[in-house]
Amino acid sequence: MPPPPVDAQDAASALLARLADLEAELETLNARPSEPGAQVQYGKRAGDHIAQVTDQLTRARAAEQVEMLVEQVRAALLRIEEGAYGLCEACGGPIPEGRLAALPWATRCVACAGTSGGARPASR
Ligand SMILES: [Zn+2]
């Protein structure tokens, strides 16, 4: 097996730390108000209610983003186990170290990530 282009151990600990962060964040985002019915108080101050609903939507959207990242980090950890970490899943070429430093869960090299932009919905 050829040596990985980057230190997989370093990458794994960075990814695990990131995963712990993301899971904590997700837990915060998914936390529901403890009192049932507390968020359904019509006729009080509509502005408050709207703000709360908006906040919930924002949280749900943020949680979605975090979940996607968790998936990507998990996939990267799996690739480390398989010894394929740091190799582009599309062309098999090495992913530049700078890219992995900025995006440790990257599974494609810059060129392949650039050409397959349609595979994922834009962030908005
Ligand atoms: Zn590639």
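Biologist: What percentage of the 124 residues of the chain count as buried?

Modeller: This is a predicted model, in which local features need pLDDT of at least 70, side-chain atom pairs count only at pLDDT 80 or more, and totals for chains, interfaces and linings use all residues. Residues are numbered from 1 along each chain as its sequence is written. A residue is buried if 20 or more other C-beta atoms, placed from the backbone, lie within 10 Å of its own, exposed if 12 or fewer, and partly exposed in between. Of the 124 residues, the buried share is 15%.

Biologist: Which helix gives the most residues to the largest nonpolar core?

Modeller: Helices (DSSP runs of H or I, at least four residues) and strands (E, at least two) are numbered from the N terminus. A nonpolar core is a set of buried Ala, Val, Leu, Ile, Met, Phe, Trp, Tyr and Cys residues joined through C-beta atoms within 7 Å. The largest one has 15 residues, and L15, V73, A76, I95 and W105 touch the most other members. Helix 1 (8-30) and helix 2 (46-82) each supply at least two residues, and the most, four residues, come from helix 2.

Biologist: Which residues of helix 1 are buried?

Modeller: Helix 1 has 23 residues and reaches 32 Å from first C-alpha to last, close to the 33 Å expected at 1.5 Å a residue, where the expected span is 1.5 Å times one less than the number of residues. Its buried residues are A11, L15 and L22.

Biologist: Why does E97 count as exposed?

Modeller: E97 lies in helix 3 (residues 97-102). E97 counts as exposed because its C-beta neighbours inside 10 Å number 12.
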